[in-house]
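This report walks through a single protein chain, taking a few residues and surface features in turn. The sequence and the structure come next, and the discussion follows directly.

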Amino acid sequence: MAYLKAMILFMIGHSFAWFQLNSHLIFDWWKGKEALSVFVFGVPASFLFLYGWMYAIEESGELWMPRFLGFCASWVPFPLLTWYFMNESPFTWRTISCFFLACCILAIQMWR
């Protein structure tokens with residue numbers, strides 16, 4: 001259950017990070033306000049990553065597992081948000097291959 005909580009927190013954190021880095025590309029209001037996006041999106045993202053990290057450490061007892069769990073969690077919101085807002089398809093051979101490899105990395109870390 002701690003892994004699931006960590007994964008959800010990481011995915012939400014990555015969503016906030018996505019908006020922090022890309023809002024100025026999508027919404028006219030954010031143009032020229034990139035520093036503001038650091039505070040609006042970056043601070044909550046940091047707390048989400050922190051608590052996700054704590055849940056994953058609690059479950060695994062090691063540092064590598066949360067690192068890879070956080071990395072793999074980015075493969076859910078990033079393609080969806082990029083596809084929706086930027087019209088960039090996640091269905092290319094490179095992206096699908098990377099997603100498959102990320103799943104393999106996560107499986108190796110979770111089921112040693």
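## Leu80 and its surroundings

In this predicted model, Leu80 counts as exposed, because its relative accessibility of 52% lies over the 50% that the term requires. Leu80 has its place in helix α4, and Leu80 is also one of the residues that line the largest pocket. Between the C-alpha atoms of Leu80 and Trp64 there is a separation of 26 Å, although these two residues are 16 positions apart along the chain.

## The largest pocket

The largest pocket has a volume of about 160 Å³, and the elements that contribute two or more residues to its lining are α4 (77-86) and α5 (93-110). The lining consists of Trp75, Val76, Pro79, Leu80, Trp83, Pro90, Phe91, Thr95, Ile96 and Phe99.

How do the residues of this lining divide into nonpolar, polar and charged? The lining holds 9 nonpolar residues and 1 polar residue, with no charged residue among them. Since Thr is not listed among the nonpolar or the charged types, it counts as polar, and Thr95 is one of the lining residues.

## The loop between α4 and α5

Asn87 is placed in the loop that runs between α4 and α5. Its backbone has a positive phi of about 60°, even though Asn87 is not a glycine. With a relative accessible area of 67%, Asn87 is exposed, since the exposed class begins over 50%.

## Overall architecture

Taken as a whole, the secondary structure of the protein comes to 5 helices and 0 strands, and reading along the sequence gives the pattern α-α-α-α-α. The C-alpha trace spans about 45 × 35 × 20 Å along its principal axes. Of the 112 residues of the protein, 33% count as buried, a class that is reserved for a relative accessible area under 20%.

## A nonpolar patch on the surface

A nonpolar patch of about 960 Å² lies on the surface, and the residues that make it are Trp29, Leu36, Val38, Phe39, Val40, Val43, Phe47, Leu50, Tyr51 and Met54. One of these residues, Leu36, belongs to helix α2, which covers residues 34-60. Leu36 counts as partly exposed because its relative accessibility is 37%, a value that falls in the class between buried and exposed.

## The single salt bridge

How many salt bridges does the count come to? The count comes to 1 salt bridge, and the pair in question is Asp28 with Lys31, whose closest N and O atoms are 3.3 Å apart. That separation satisfies the criterion, because a side-chain nitrogen of Lys or Arg has to be within 4 Å of a carboxyl oxygen of Asp or Glu. In general, side chains of opposite charge can pair when their charged atoms come close.

The two partners fall into separate accessibility classes: Asp28 is exposed, with a relative accessible area of 62%, whereas Lys31 is partly exposed, with a relative accessible area of 44%.

## The start of the chain

Met1 lies in the segment that precedes α1 (2-26). At a relative accessibility of 69%, Met1 counts as exposed. Where sequence separation and spatial separation are set side by side, Met1 and Ala56 are 55 residues apart in sequence and 9.7 Å apart in space, taken from C-alpha to C-alpha.

Definitions and conventions. Residues numbered from 1 in each chain as written. Predicted model: local features only at pLDDT ≥ 70, side-chain atom pairs only at ≥ 80, totals over all residues. Heavy atoms only, no water. Patch = residues over 30% accessible without salt bridge, like charges linked within 9 Å, V, L, I, M, F, W, Y side chains within 5 Å. Areas by Shrake-Rupley, 256 points an atom, 1.4 Å probe, with all protein chains shown as cover. Helix = DSSP H or I, 4+ residues; strand = E, 2+ residues; numbered from the N terminus. Buried < 20%, exposed > 50% of the residue type's maximum accessible area, 1.4 Å probe, protein only. 1 Å grid on protein atoms, 1.4 Å probe; cavity = no way out; pocket = protein on both sides within 12 Å on 5 of 7 lines; lining within 4 Å. Points joined across faces, edges and corners; volume = space filled by probe spheres on them.
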